[in-house]
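Student: I would like a close look at one part of this model. Please take it slowly and explain the terms as they come up.

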Amino acid sequence: MEACYSFDDILLLPAYSNILPCDADTKTYLTNSIELNIPLISSAMDTVTESGFAIAIAQHGGIGCIHKNLSIDEQVLEVRRVKKYESWIVYNPITISPDKTVAEAISLMREHNYSGIPVVDQRKLVGILTNRDVRFIEDQNMNVKVSEVMTKDKLVTVREQGVNSAQQ
């Protein structure tokens with residue numbers, strides 16, 4: 001007869017170790033090309049993993065499996081949210097030219113689910129257009145240029161090496 005154990009039947013006793021926690025390497029491979037910093041994978045259950053939890057577990061080095069009880073479009077949206085999330089830093093932003101219209105900018109912001117877009121003129125940051133800038137623009141004024149309503153003052157950009165405050 002084979003023995004069956006439950007969690008209550010097993011006790012792990014801590015013991016002395018020469019390895020310090022900061023020296024422990026918990027990395028493992030999920031596949032040949034996907035390395036995890038911690039061996040933690042969330043369940044693909046509808047009460048467990050959607051974008052919020054997948055982001056949280058990824059920030060700690062694990063991976064979250066988006067569940068299949070969503071439509072294909074909803075699954076794509078959840079994965080897009082996780083992939084797009086990178087703290088608050090945008091590495092490859094969608095930009096707009098200052099001579100484009102507010103209508104074009106709003107369309108672009110909605111398409112990419114962004115609340116703001118950097119305004120770039122000849123590869124130089126000249127402003128940012130946010131939902132706050134266009135909140136009270138009425139339909140008949142949607143053809144106004146982005147340059148007329150964008151925020152131009154105290155623009156702050158961040159490089160991977162450090163912070164560069166560009167005040168214009």
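**Helix α3 and the core around it**

Tutor: Start with V146: leaving aside its neighbours within four places in sequence, V146 is in contact with I96, S97, P98, K100, T101, V102, A105, V119 and L129. Contact here means heavy atoms within 4.5 Å. Before going on, note that this is a predicted model, in which local features need pLDDT of at least 70, side-chain atom pairs count only at pLDDT 80 or more, and totals for chains, interfaces and linings use all residues. Residues are numbered from 1 along each chain as its sequence is written, and side-chain values use heavy atoms, with hydrogens and water left out.

Two of the residues in contact with V146, V102 and A105, are also among the buried residues of helix α3, which spans residues 102-112. The others buried in α3 are I106, L108 and M109. Buried means under 20% relative accessible area, exposed over 50%, and partly exposed in between, with a 1.4 Å probe and protein chains only. Helices (H or I, at least four residues) and strands (E, at least two) are DSSP runs, numbered from the N terminus.

Seen down the axis of α3, the buried residues fall within an arc of 160 degrees, so they line one face of the helix. That arc is taken from the directions from the helix axis to the C-beta atoms. On the face turned away from the buried side, α3 carries the exposed residues R110 and E111. The cover over the buried residues of α3 includes β3 (116-121), β4 (124-130), α4 (131-134) and α5 (146-149). Just after α3, N113 takes a positive phi of about 55 degrees.

Next comes the largest nonpolar core, which has 15 residues. A nonpolar core is a set of buried Ala, Val, Leu, Ile, Met, Phe, Trp, Tyr and Cys residues joined through side-chain atoms within 4.5 Å. Those with the most contacts inside this core are I96, V102, V119, L129, V134, V146 and M150. The elements giving two or more residues to this core are α3, β3 and β4, and α3 provides the largest share, five residues.

Strand β3 also holds D121. At 38% relative accessibility, D121 counts as partly exposed. Leaving aside its neighbours within four places in sequence, D121 is in contact with P98 and V126. P98 is also one of the residues in contact with V146.
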